[in-house]
Amino acid sequence: MDNQEIGIIYRKAEQLTLFILLASLPLFAFVYLYYNSGNLSWNLPQLPGFVNGLWIGLSIGLLIIQYVNFHKKLKLGILQDELIEKVKIYCKATKQRYLFLFVVSIVASLGLLFYKNPVYVVIFAVTLVFFSLGKPSPDRMARLMKLKKEDRELVREASRPR
């Protein structure tokens, strides 16, 4: 029963992370193509300059917060004795991380759209790095949660598609 429950928890986390990534990429790509085309004009309103700085600071702050928050939750998960609890904590931390990254991608997309500041491209690139490094996998979970060999095998088995 635990193996099925682990599989369900893992697949839900994996599906959510893929959905968030699939929502973030086209949005930013669309804005980036608009930014690079140069011949399109949507007559967007001019936002005050300080908002640009706030959005950049918010994006960087959220990137730092998601990293610290994720690793803080993992430390709590490592202390758990039961594998199911470790998996739940890891998947919940991963979901939270991806939601933070989704917000950063939206802020970066809007910042690029309104300010055409290339800093937002860099912020989105860093966000993509976190997206790729944070995608849940059995090996990553085993390494980050410091699972024993038999627990690693259980997670690997549970994560296989049925």
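By the cavity rule used here, this predicted model has 1 cavity of 30 Å³ or more. That cavity sits in a chain built from 6 helices and 0 strands. Let's start with the cavity, then step back to the fold and look at a few residues worth finding in the viewer.

**The cavity**

- The largest cavity holds about 30 Å³ of space.
- Its lining consists of Gln-66, Asn-69, Phe-70, Lys-73, Ala-93, Gln-96, Arg-97 and Phe-100.
- Two helices, α2 (49-78) and α3 (83-115), each contribute at least two residues to this lining.
- By residue class, the lining is a mixture of 3 nonpolar, 3 polar and 2 charged residues.

**The overall fold**

- Followed along the sequence, the chain reads α-α-α-α-α-α.
- Measured out along the principal axes, the C-alpha atoms occupy a box of roughly 60 × 30 × 20 Å.
- Of the 162 residues in the chain, 38% are buried.
- Which share of the contacts with a separation of 6 or more joins residues 24 or more positions apart? The share is 80%.

**Helix α1**

- Helix α1 covers residues 2-37, which gives it 36 residues.
- From its first C-alpha to its last, α1 reaches 53 Å, close to the 52 Å expected at 1.5 Å a residue.
- Buried positions occur along α1, and they include Ile-6, Gly-7, Ile-9 and Tyr-10 as well as Ala-13 and Thr-17.
- Further along α1, the buried residues include Ile-20, Ser-24, Phe-28, Val-31 and Tyr-34.
- Which helices help to cover these buried residues of α1? Among what covers them are α3, α4 (119-134), α5 (138-144) and α6 (149-159).
- After α1 comes Gly-38, a residue with a positive phi near 75°.

**Ser-59, a buried serine in α2**

- Ser-59 belongs to helix α2.
- Is Ser-59 buried or exposed? Ser-59 counts as buried because its relative accessible area is 0%, under the 20% cut-off.
- A polar atom of the Ser-59 side chain lies 2.8 Å from the backbone oxygen of Trp-55.
- Setting aside residues up to four places away in sequence, Ser-59 touches Val-104, Val-107, Ala-108 and Ile-123.
- One of these contacts, Ala-108, is 49 residues from Ser-59 in sequence, yet the two C-alpha atoms are 7.1 Å apart in space.

**Lys-86, a buried lysine in α3**

- Lys-86 is part of helix α3.
- Its relative accessibility is 10%, which is under 20%, so Lys-86 counts as buried.
- Beyond its neighbours within four places in sequence, Lys-86 contacts Gly-77, Ile-78 and Gln-80, and also Met-145, Lys-146 and Leu-147.
- How many residues separate Lys-86 and Met-141 in sequence? They are 55 residues apart, while their C-alpha atoms are 9.2 Å apart in space.

**Two loop lysines with positive phi**

- Lys-116 is located in the loop between α3 and α4.
- Phi of Lys-116 is positive, near 50°, in a residue other than glycine.
- With a relative accessible area of 40%, Lys-116 is partly exposed, because that value falls between the 20% and 50% cut-offs.
- Lys-146 sits in the loop between α5 and α6, and is among the residues in contact with Lys-86.
- Lys-146 also has a positive phi near 50° without being a glycine.
- Lys-146 counts as exposed because its relative accessibility is 60%, over the 50% cut-off.

Notes: Residues numbered from 1 in each chain as written. Predicted model: local features only at pLDDT ≥ 70, side-chain atom pairs only at ≥ 80, totals over all residues. Heavy atoms only, no water. 1 Å grid on protein atoms, 1.4 Å probe; cavity = no way out; pocket = protein on both sides within 12 Å on 5 of 7 lines; lining within 4 Å. Points joined across faces, edges and corners; volume = space filled by probe spheres on them. Helix = DSSP H or I, 4+ residues; strand = E, 2+ residues; numbered from the N terminus. Nonpolar A, V, L, I, M, F, W, Y, C, P; charged D, E, K, R; others polar. Buried < 20%, exposed > 50% of the residue type's maximum accessible area, 1.4 Å probe, protein only. Polar contact = N/O pair within 3.5 Å; in protein donor to acceptor, adjacent residues only side chain to side chain. Contact = heavy atoms within 4.5 Å. Expected span 1.5 Å × (residues − 1).
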